[in-house]
Amino acid sequence: MTSQDTLRVSVLSEALPYIQRFAGRRVVVKYGGAAMVQAELRDAVYRDVVLLASVGVQPVVVHGGGPEINDWLNRLQIEPEFRDGLRVTTPETMDVVEMVLVGRVNKNIVNGLNQVGGRAVGLCGSDGSLVRARTYADGVNGLVGEVAAVDPAVLFPLLDAGYIPVISSVAADAEGQAHNINADTVAGELAAALQAEKLILLTDTAGILKDRHDPDSLIRQLTLADARQLIHDGVVAGGMTPKTECCIRALAQGVAAAHIVDGRVPHALLLEVFTDSGIGTMVVGSQRGGHG
Ligand SMILES: Nc1ncnc2c1ncn2[C@@H]1O[C@H](COP(=O)(O)OP(=O)(O)O)[C@@H](O)[C@H]1O
Ligand SMILES: CC(=O)N[C@@H](CCC(=O)OP(=O)(O)O)C(=O)O
């Protein structure tokens with residue numbers, strides 16, 4: 001036996017309390033944006049998700065893919081346009097969003113997870129009527145949707161059989177029209193419908209920063225009231241706003257804890273689930289001790 005073997009076994013043994021605590025519990029992971037762009041990090045994220053599934057945690061992956069949609073729109077000479085952090089989605093743009101998210105990005109993630117030993121199944125909001133969309137704000141952004149309803153029934157047999165659902169944020173409205181929904185929003189509503197133990201949003205900052213230009217100003221823990229105040233005061237802005245709002249909505253609907261963590265840190269997911277201190281910003285219903 002080598003010292004490497006001893007180290008590996010003792011590290012595994014240290015993880016036992018966390019494995020026992022989270023086995024059989026659902027953890028919704030939002031994967032997207034900048035955290036998805038770096039190839040070498042992608043593999044580490046896939047390995048972490050598969051490791052969680054292997055020890056009996058039930059991860060559910062919701063993915064975005066904004067940069068990849070932009071890339072394809074540019075190739076088609078369509079200028080990407082955003083209003084209030086949400087893509088202006090014409091019928092033509094919607095076709096591209098659907099092809100990129102439901103097709104290419106979803107399957108890349110499914111293949112990546114399967115490649116490291118997972119059993120992943122790709123779905124979008126329309127599959128099994130998992131998510132019902134409603135047009136956002138009377139159509140100011142075109143075919144942008146918000147979540148009207150979630151029916152997680154399609155996920156239970158998959159989770160019970162050990163599959164990892166990988167879900168893209170495209171869903172139909174009551175008339176069957178596909179809508180483009182912000183992936184953070186879908187992750188938050190899904191976490192609520194599944195009564196998940198944790199909602200973990202992977203992004204490209206350390207978490208919520210007091211000063212968004214100062215990476216050392218990380219806020220480690222926030223209550224719902226603090227989070228609302230930070231949005232009101234403009235400390236949280238841009239792409240961090242839908243993230244913080246979806247944490248607030250998930251917690252208000254019974255999710256135990258929501259975390260905004262740095263997807264650029266290797267094994268950010270395991271650091272969040274398998275340590276007491278965790279990483280990033282944790283939003284909780286009311287103030288409490290530890291980070292878990
Ligand atoms: N208080 C804040 N703390 C951290 N980031 C913030 C804050 N306010 C605004 N931001 C911005 O939000 C961005 C994260 O949102 P976004 O780019 O939409 O992430 P993703 O692409 O991972 O979904 C950060 O890169 C940062 O520019
Ligand atoms: C309405 C809206 O803006 N939808 C997003 C959906 C993808 C997404 O949320 O991707 P990220 O998480 O990578 O940003 C979009 O079209 O870009």
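Which residues of α7 are buried? The exercises below work through this and related points in a predicted model.

**Exercise 1. List the buried residues of α7 and state what they imply for the helix.**

Step 1. A residue is counted as buried if 20 or more other C-beta atoms lie within 10 Å of its own.

Step 2. The residues of α7 that are buried are Ala 183, Asp 184, Thr 185, Val 186, Ala 187, Gly 188, Glu 189, Leu 190, Ala 191, Ala 192 and Ala 193.

Step 3. Because eleven of the eleven residues of α7 are buried, the helix is largely enclosed by the rest of the structure.

Step 4. Look just past the end of the helix: Gln 195, just after α7, has a positive phi of about 45°.

**Exercise 2. Describe how α7 packs against α9.**

Step 1. Helix α7 covers residues 183-193 and helix α9 covers residues 240-252. Their axes come within 8 Å and cross at roughly 10°.

Step 2. Angles under 35 degrees count as roughly parallel, so α7 is roughly parallel to α9.

Step 3. On the α7 side, the residues in the contact are Asp 184, Thr 185, Ala 187, Gly 188, Ala 191 and Ala 192. They meet Pro 242, Lys 243, Cys 246, Cys 247, Arg 249 and Ala 250 of α9.

Step 4. Sorted by class, this contact of α7 with α9 holds seven nonpolar, two polar and three charged residues.

**Exercise 3. Describe how α4 packs against α5, and compare the angle with the cut-offs.**

Step 1. The axes of α4 and helix α5 (residues 91-115) lie 10 Å apart, at an angle of about 125°.

Step 2. An angle of 65 to 115 degrees would count as roughly perpendicular and one over 145 as roughly antiparallel. The angle here fits neither range, so α4 is oblique to α5.

Step 3. The crossing of α4 past α5 is right-handed.

Step 4. From α4, the contact uses Glu 68, Ile 69, Trp 72 and Leu 73. From α5, the contact uses Thr 93, Val 96, Val 97, Val 100 and Val 105.

Step 5. By class, the contact of α4 with α5 has seven nonpolar residues, one polar and one charged.

**Exercise 4. Is Thr 93 buried or exposed, and what does it touch?**

Step 1. Thr 93 belongs to helix α5.

Step 2. Thr 93 has 22 C-beta neighbours inside 10 Å, so it counts as buried.

Step 3. Leaving out residues up to four places away in sequence, Thr 93 touches Leu 73, Ile 78 and Arg 87.

Step 4. For a distance across the model, take Ala 258: its C-alpha atom is separated from that of Thr 93 by 31 Å, and the two residues are 165 residues apart along the chain.

**Exercise 5. Repeat the analysis for His 179.**

Step 1. His 179 sits in strand β10 (residues 178-180).

Step 2. His 179 counts as buried because it has 28 C-beta neighbours inside 10 Å.

Step 3. With residues up to four places away in sequence not counted, His 179 touches Ala 133, Thr 135, Leu 143, Val 144, Gly 145, Ala 171 and Asp 173.

Step 4. His 179 and Asp 226 are 47 residues apart along the chain, and their C-alpha atoms are separated by 32 Å.

**Exercise 6. Examine the positive phi values of Gln 77 and Ser 129.**

Step 1. Most residues other than glycine have a negative phi.

Step 2. The phi of Gln 77 is near 60°, a positive value. The phi of Ser 129 is near 50°, also positive.

Step 3. Gln 77 is placed in the loop between α4 and β3 (82-83). Ser 129 is placed in the loop between β5 (120-124) and β6 (131-135).

Step 4. Gln 77 counts as exposed because it has 6 C-beta neighbours inside 10 Å. Ser 129 has 14 other C-beta atoms within 10 Å, so it is partly exposed.

**Exercise 7. What surrounds ligand 2?**

Step 1. The shell around ligand 2 has 15 residues, and the closest are Gly 32, Gly 64, Gly 66, Arg 87 and Ala 183.

Step 2. At least two residues of this shell come from α4 (66-75), and at least two from β4 (86-87).

Step 3. By class, the shell around ligand 2 has six nonpolar, eight polar and one charged residue.

Definitions and conventions: Residues are numbered from 1 along each chain as its sequence is written. Chains are lettered from A and ligands numbered from 1 in the order in which they are written. This is a predicted model: local features need pLDDT of at least 70, side-chain atom pairs count only at pLDDT 80 or more; totals for chains, interfaces and linings use all residues. A residue is near a molecule or strand if its C-beta atom, placed from the backbone, lies within 6 Å of it. Helices (H or I, at least four residues) and strands (E, at least two) are DSSP runs, numbered from the N terminus. Ala, Val, Leu, Ile, Met, Phe, Trp, Tyr, Cys and Pro count as nonpolar, Asp, Glu, Lys and Arg as charged, and the others, Gly among them, as polar. Axes are lines fitted to C-alpha atoms, for helices over the stretch in contact, and angles run from 0 to 180 degrees between N-to-C directions. A crossing is left-handed if the near helix is turned anticlockwise from the far one by less than a right angle, and right-handed if clockwise. Two residues are in contact if their C-beta atoms, placed from the backbone, lie within 7 Å. A residue is buried if 20 or more other C-beta atoms lie within 10 Å of its own, exposed if 12 or fewer, and partly exposed in between; C-beta atoms are placed from the backbone.
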